[in-house]
Structures are given as C-alpha cells and as structure tokens.
There are 2 protein chains.
Amino acid sequence: MHRSTADLKTLALELGLSQSTVSRALRAHPGIPETTQRRVIAAAEAAGYRPNARARSLATGRAETIGLIFPLERLQLPETNFVDVLAGISTVVTRRNYSLLLSPFADDEAAVLRRLASTKAVDGVIITRPLVDDPRIALLNQLRLPFVVHGRSEVAEPYSFVDTDNDNAFERLTSLLLDYGHRRIVLVNGLAQFRYVDARAASFRRAFAARGLTPLPDAIEFVSMTEATGYETAMRRLAGPERPTAFLCGSVFQARGVYRALREHGLEVGRDISVVCHDDGVRGVSAADFTPPLTATSTSIRGAGEKLAATLIDLIERKVAEPLRTILPFELILRDSVALARP
Amino acid sequence: MHRSTADLKTLALELGLSQSTVSRALRAHPGIPETTQRRVIAAAEAAGYRPNARARSLATGRAETIGLIFPLERLQLPETNFVDVLAGISTVVTRRNYSLLLSPFADDEAAVLRRLASTKAVDGVIITRPLVDDPRIALLNQLRLPFVVHGRSEVAEPYSFVDTDNDNAFERLTSLLLDYGHRRIVLVNGLAQFRYVDARAASFRRAFAARGLTPLPDAIEFVSMTEATGYETAMRRLAGPERPTAFLCGSVFQARGVYRALREHGLEVGRDISVVCHDDGVRGVSAADFTPPLTATSTSIRGAGEKLAATLIDLIERKVAEPLRTILPFELILRDSVALARP
DNA sequence: GTGTATTGTGCAAGCGCTTGCATGGTAAGC
DNA sequence: GCTTACCATGCAAGCGCTTGCACAATACAC
C-alpha cells in the first residue's frame, strides 16, 4: 500500500512544496493558510507519512520520551506495588503522546542516570524509592535532566515529587488505635534507609506524643514489605514479653503475614487483637478482601503513577518553572479489624 | 565536574583529531592504532562523553531500542503473567545494551505498530497473545519492522516466535489423568480466540484419541484465566449432571479458583478429586505452594521473556536471516493433587 | 501610482553523529 | 632511488527533520 520510504523530501516533492512548508503545515504552524495545510495533511495521510522520530528529536532537542529508572528486581519480586505505579505512568504517557523508556539497572543507578542524560535518549526521568538523604537528586540537578521523584527525601536541593501523605496517614491510624484504648502497638514499618519509613515512624510517634503517651520502646519494626516478614514479625512479637494488642502495618503484604500469624495463634482479628494498615490499592490485594476486612488508610498508588508522569511532562514542556510538589490524599476506611483493647 | 556539552566536535578539537578518527576510535574500528584509541578513550572518559543517541541512530539507522506492544489493561489486571514476561525481556535488553520502549495501547494496536514503524523509534517489536489468525503478522511483515511473537498463530506468513510447548504439555497432563483412570475430565481452558487455547484443546483431545477414548462432550471450558472464573467454572461443573473426577487448568490462577470451589464442596484434592495444571512460573503463585501441592507442567514464562528479547535482537543484528522459532520445554512435576479416579 | 504591510513559501544551516573515499606520510620491495 | 603498499587520519556528505531569515507576490493605504 504505502511506500515505506515516505519521508519529508518525497512528500514535499509530490506536493510541489518545500520541505519547510510541508513541515510547518503538518504541525499547524501559524502563517500557513488553511487550504495549503489541508492539502498537505491529506497527502501525508495518503502516503502514511510520519516524521522520523530520530531526526525530529535531533532537530528539536526533544525526544518526547521519558524514562523510568528502577532496580531490575522490582519486576521480579512478587510483592511489589511497582507494577501499579507503572500502570499509572503508562496511562498518562500514552494519553499525552509520549513514549516510555524502561531503564532497569542491576547495580549502578548513577551510571544509568548519567548515560540517559548524556545520551539524550529521554527528556526526563522518574526515580523511585528515595533515601532519607538521596544522592540522585543532586546528581540529576547537576546533569540538568528534568526529573520527578516518587516520594520525598531530606535533601536541601530543589526537586519535584509526588508522595503519599505518610505524615498524616500513620498519625491517623495510630490515633485510631489509641482511641480504642491500645497502647502496646507495634508498627510494622519498612526498611530504615527509605525516607517514607522515617516519615511513618515520626508520624506514629507524633500520635502518641499528642496525648502525652509513649509507645513501647521497641514499638517500631524496620523490616521489608513482604508477607513473610509480616508473619515473622508478628510471630516474634506475640512470643515476646509484652504482647502487643494491636499491629499497624505499612503495607497489605505485611498485613497478610500478620493475619496469618494471628490466626495461627488462635487470635481473632477485630476481637482478640486489632490490626490496621496502609493500603496503596495494589492490584489484587485489597484490605477490603481480608477476613475480617481490614481497616486501612487508602490511597491509589496507580494514581501516584499517573501524577508522576503528568508532573514530569509538565516540567519538560515548561508549563511550569519551579519544582512541582504533590502530596496525595488518603482516606481512612473503617472496617472490622479493630476492637477495644483488652487489658 | 564535566561539561555537559560534551559532543564529538569538542572532544575531537581537544584531542587535535578529526571527528571521524575519534568516532572510529571510540567504536574500536579497525585501522585505528591502539595508542590513538587509548588516548581517545581516556579523553572521552574524562569528559564524560557519550554519543548522542538520537544523532547516532539517525546516522546509523539503528536505534538500539526495541518496543513491547501490549494492551494497557495487562498492567492493570492483578492476575497476569505479563509482568514476568516483562521482567525477562528487561533482563536481556539491559544485558545486551538495548533500551526497551513500552508501548501500551488502548484499542488500536495496528495504529501503534504503524506509528512505531514509520516513526523509526524502535528497531523491532515484540507482540504478544497472538490470535489463531493474527493480522498483525502480515502487517509487520509488510511494514518491514522486525518482530517476534510470544506464541504462535496459524497464518502462512513467515515469522519468528517463542512459544510454550502447549502441544505436548496438555497431552501429557491429560495422559497422566487418564493413567489414573479419570475419564470425566474438565479442561479449564482460556478464551477461544487465542491460538494457544486452540492448541491446548487439540492436545487434550489427542491424549484421549491416542487411547481410543472420548472426552465428555462439554469437556472443554473456554473461560478467562482468573481465579474467579476457575472457581465459577468448577462450581458449575460440580453442580452439573456428570460430575467430573478431575480438572485440568490452564493456569495457576484458575487452579486456585478450582481449589477453592472443591474445598467448599468438601472435596479433598488428591483424594476425592484430582487437579493438575500448567504452571508458567509466575512470581508468587507457584503450584508447589498449593495445599495440597499441585501436580503441574512447569515452564518459565520469564525465560520466555528472555528468549523473546534475545531472539529479536539477534534478528535485528542480522546474526540470522530467516525466522527463528523457539518452543520452550516444560517439565512435568508430580505432586499430591492426583488420585485414582473414584467410580 | 508609490510606499509599506502582509502573506505564502523557500533557502540553507544546523542538530551530532557515521562512513565512503581521499590523502599524505612512512615502510617495504627490488 | 623509485615504485608499491599500507597505515593513520581527515574531508565532506548525508541521515531526516526544524527553523531563522529572506524573498517574491499580493494587498492595503493614501
């Protein structure tokens, strides 16, 4: 059907116009009369013409592509919210006519960032899981590669981010448990290097402090976000000296493990012991489907992905100058997993 | 530290060489003496120089990027083996220094394919879930865009593919059940439009035919690959007139649903009733972890992803001329979910 | 009828690289 | 000492597009 060698030159020749005019007509530049434009567009359509992305991006300096950098294992591990973030990003990228370059890395993330910057393959990148003091932010600023962070860091550098409202969510969950009379609460948190883990710990302590209370000295468990560690942590704490009356879990995966441990101990959630958690809305693992349904703060991690992509693209297109900062709201959903504390 | 405007011209100027020589030295072209090459490489390193990917790919005609085309919802649904395929692809793409462009589509896949081809954004693409008679194959051949298919189709066109050995796996699983005396076997298959579903049905029937037996007239259920449909299908069949003595499931997701249904009916798998399945090795859903452990043919869908990427890159680099066809082996793993048929 | 805007289009440079071919210099052959 | 070969490097075109500026033609004002 169409020649596959449809390039600007040929098209211009056929139309008896110059390349400039054709190029401008196709991009609806001002100064091109409507009749010409219509003619050109019709011819382009007929020829199945699309500008060569490489040439265009070389000429314009923009690739209309964004990169997502992540450790390869986030795709390999079963318990991850990464795919949901990816789904959100994909949606917006597609909607805004950008492309998404996946850049997994095995160990040296900085090298990947450097390559992406000097190679000019993308107009900007999304980075994830920031550390408390994350060096990537300074690096990206220095490389002048637009970026947005999924989460926050404590660095002084300016940067755009999209984050969950950890500061309030965990205070709220903790308060709820305190309202029900719980004092021996265990926070099953994430690994300490990440900033959100910090924020959640602080948020937890704030809730206690607000009522002049003190959490258990070993109230906070810094463990990974899996069912297995949730289980293991709960088992350990139940066997310990000061048996907790409530668990607050950082993820539904951990909560699953906690539920299993409690069940094994013959404890009924929502009667003998209480559990709450933060629910990112990961595909297929909803707090609502637990038995009994799990009280949780709920957000949409996929929504975060969408916002990340939208923010980055806005940044790239300079619709904005300074850092864009988004904190996504959450909703506390009461279900059946909380009971009054038993003495 | 480095100038971020490190381009070939500047580098060549600094070295007192021409762009051609520097370019050649960096790519270890023959004819460049080792001393020069070393000098150039050292200077490039010091300057943090990387060739601009856009310019290079415009000049060479190759982007060193492959595309993965898929319906957006495959990222949104919880029960999918897509992420595992993606993980495999990512691994190999990274290892071979290619980039991966994700191209989700909402409805018009052909349009995406056309755009990718004329836009020259990728050197080749991977397409998934071929239909029995899949039009994409002819389209891609016509567009002259290298591609490899995950799965097979029945079209006459030549094409490269990587596929699971459905033809033998399902015959094998069926034979196993027949060996145990089962006759009233239900195959919980996938949706009929896909070629692999066809292949599995045929494979199933072959096993019966090989012994001069006939399956139930309604032996094969063409349903989606989810826990919910597995459950629903099993419930329906258990309530029906000719209660099956065994279920053969196309995926672990379906098998999960079937297990649940059987449990609700008070049937003990591996004693009162038998179940086998095909296990793609999806992250976090292993047949080995079922209770009781589920007998299954096992393959690695992630391995398929790796092979897909490797095949496509080989194709692109013309290490081979004609279609590459891979059928991945499987292993039958006997566990505890099969018992002798009860009359 | 002259002068000035305005309009539609084209020229040519340039984005940053690769590569076929040419060139000058040195080594080898006899 | 002259030819032939080879070696190291450079020239310049070209990949397919965009875009600043120039230009001719027409429209408008007076």
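Leu102(A) stands opposite Leu100(B), a residue of strand E2(B), in a predicted model where local features require pLDDT of at least 70, side-chain atom pairs count only at pLDDT 80 or more, and totals for chains, interfaces and linings use all residues. Residues are numbered from 1 along each chain as its sequence is written, while chains are lettered from A and ligands numbered from 1 in the order in which they are written. E2(A) and E2 of chain B (residues 99-105) run antiparallel and are joined by three bridges; strands pair if DSSP finds at least two bridges between them, and both helices (H or I, at least four residues) and strands (E, at least two) are DSSP runs, numbered from the N terminus.

Around this strand pair lies the wider interface, in which 38 residues of chain A are in contact (C-beta atoms, placed from the backbone, within 7 Å) with 38 residues of chain B. On the chain A side, two or more residues come from each of H4 (53-60), H5 (73-76), H6 (82-95), E2 (99-105) and H7 (109-119), with H6(A) giving the largest share, six residues. By class, that side has 19 nonpolar, 12 polar and seven charged residues, where Ala, Val, Leu, Ile, Met, Phe, Trp, Tyr, Cys and Pro count as nonpolar, Asp, Glu, Lys and Arg as charged, and the others, Gly among them, as polar.

DNA strand C is surrounded by 26 residues, the closest being Ser18(A), Ser20(A), Leu8(B), Ser20(B) and Ser23(B); a residue is near the strand if its C-beta atom, placed from the backbone, lies within 6 Å of it. H4(B) gives the most to this surface, five residues, and the surface has 10 nonpolar, 11 polar and five charged residues.

Definitions and conventions
Contact = placed C-beta atoms within 7 Å.
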